[in-house]
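Work through the exercises below with the coordinates open beside the text. Each task is followed by a solution that proceeds step by step.

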Amino acid sequence: MGYQTLLFEIKDAIAFITINRPDKLNALNDQVVDELAHAADRVATEGAIKGAILTGAGTKAFVAGADIGDLAKQGPFDGKARALRGQAMLRRFETCGKPVVAAVNGYALGGGCELAMACHLRIASEHARFGQPEVKLGIAPGYGGTQRLPRIVGKGNALYLILTAELIDAHEAHRIGLVNKVVPPGELLATTEQLLRSILSMGPLAVRLALEAVDQGLEMTLEEGLLLEANHFGLLAATQDMKEGLTAFLEKRAPRFAGR
Ligand code: COA
């Protein structure tokens with residue numbers, strides 16, 4: 001698939017995915033959603049890709065939401081179908097088994113905030129602004145905002161953002177736990193890449209199972225989640241990576257993980 005609305009570049013095992021509609025503040029129309037779904041599939045399935053960074057083109061926006069022009073035309077059934085399509089795309093990134101980091105370079109509103117939340121980590125430029133302003137438009141979040149936001153920042157903070165439609169700056173987003181780090185705009189991509197490369201230097205199977213345990217475990221009882229964790233812990237003992245990681249420590253050298 002050739003992309004019209006995305007830039008997709010693989011550099012040294014990292015897929016750099018840039019939503020590229022800067023004149024519309026990178027709003028998610030149906031084509032962007034379809035292309036992002038395809039890109040998420042590539043991240044999940046291509047062996048040459050070990051992790052991904054999502055960002056927005058231009059200096060103003062990460063993604064300023066779902067495309068309001070599209071929403072204005074929708075009826076109840078295509079509205080539901082649109083929400084399900086967007087949710088499935090985000091879930092594909094979330095469950096791709098490889099670390100995905102959002103480099104939030106500007107407005108991350110509505111679907112943009114939802115896209116960032118489906119990434120495993122979020123690094124924000126000092127210029128970034130976050131919000132779920134849907135109720136202002138007479139709609140409610142449809143790409144997972146009502147579900148992921150309370151899981152990330154707690155019910156009180158999530159309801160505050162969703163009900164007031166207020167936009168918050170990067171420092172407030174950091175304070176409530178919505179972003180992991182805030183950096184000057186000029187350092188955003190380099191910091192994000194450095195962070196992802198440091199994760200890629202860890203045992204990839206361990207990273208994959210940790211992602212899965214946190215994702216699945218949040219929906220389980222504590223007992224079930226602990227059992228899942230113990231199963232993963234045991235499973236990793238069957239990998240060459242575990243032997244390599246522990247041996248390298250004991251031999252006081254850097255590990256060379258093979259992902260096996
Ligand atoms: N959907 C479609 N187009 C959008 C958009 C969206 N979510 N957000 C911005 N755009 C478009 C604008 O219509 C404008 O297009 P035009 O130049 O053809 O008129 C262009 O992007 C630039 O946006 P503009 O509003 O002129 O920039 P601004 O700096 O004055 O304001 C925002 C920036 C982000 C505050 C404002 O664009 C905004 O409120 N956007 C909608 C945010 C939102 O409600 N998102 C949730 C949607 S569910």
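A salt bridge is taken here as a side-chain nitrogen of Lys or Arg within 4 Å of a carboxyl oxygen of Asp or Glu. The model to which this criterion is applied is a predicted one.

**Exercise 1.** Determine which residue forms a salt bridge with E219, and place this pair in the setting of the two domains.

Solution. Begin with the distance: the closest N and O atoms of E219 and R151 are 2.8 Å apart, and the pair forms a salt bridge. Next, consult the domain assignment, which divides the chain into domain 1 (6-200) and domain 2 (204-250). Finally, count the pairs between domain 1 and domain 2, which gives two salt bridges and, with both residues at pLDDT 80 or more, two residue pairs in polar contact.

**Exercise 2.** Describe the interface between domain 1 and domain 2: how much area is buried, and which residues of domain 1 supply the most of its share?

Solution. The C-alpha centres of the two domains lie 27 Å apart, and the contact draws ten residues from domain 1 and six residues from domain 2. The size of an interface is often given as the accessible area lost when the parts come together. For domain 1 and domain 2 that area is about 620 Å², with carbon and sulfur atoms giving 51% of it. On the side of domain 1, R91, G97 and R151 supply 53% of the area buried against domain 2, which is more than any other three residues supply.

**Exercise 3.** Decide whether T55 is buried or exposed, and identify its surroundings.

Solution. First locate T55, which is in strand β3 (residues 51-56). Since the cut-off for a buried residue is under 20% relative accessible area, T55 counts as buried because its relative accessibility is 8%. Then follow the side chain of T55, which reaches the backbone oxygen of A103 at 2.8 Å. Leaving aside neighbours within four places in sequence, T55 is in contact with I17, T18, I19, F62, A103, N105 and L189.

**Exercise 4.** Which members of the largest nonpolar core touch the most other members?

Solution. This core holds 50 residues, and those that touch the most other members are I17, L36, F93, V104, L115, F130 and L178. Its largest share, seven residues, comes from helix α1 (residues 30-45). Apart from this core lies another, of nine residues, among them V101, A103, V183 and L196. Returning to V104, its contacts beyond four places in sequence include F62, A116, I123 and F130.

Definitions and conventions. Residues are numbered from 1 along each chain as its sequence is written. This is a predicted model: local features need pLDDT of at least 70, side-chain atom pairs count only at pLDDT 80 or more; totals for chains, interfaces and linings use all residues. Side-chain values use heavy atoms; hydrogens and water are left out. Helices (H or I, at least four residues) and strands (E, at least two) are DSSP runs, numbered from the N terminus. Buried means under 20% relative accessible area, exposed over 50%, partly exposed in between (1.4 Å probe, protein chains only). A polar contact is a pair of N or O atoms within 3.5 Å; within protein, one must be able to donate a hydrogen and the other to accept it, and residues adjacent in sequence count only if both atoms are side-chain atoms. Contact means heavy atoms within 4.5 Å. A nonpolar core is a set of buried Ala, Val, Leu, Ile, Met, Phe, Trp, Tyr and Cys residues joined through side-chain atoms within 4.5 Å. Domain bounds come from an automatic or database domain assignment. Buried area is the accessible area (1.4 Å probe) that two parts lose on being put together, summed over both.
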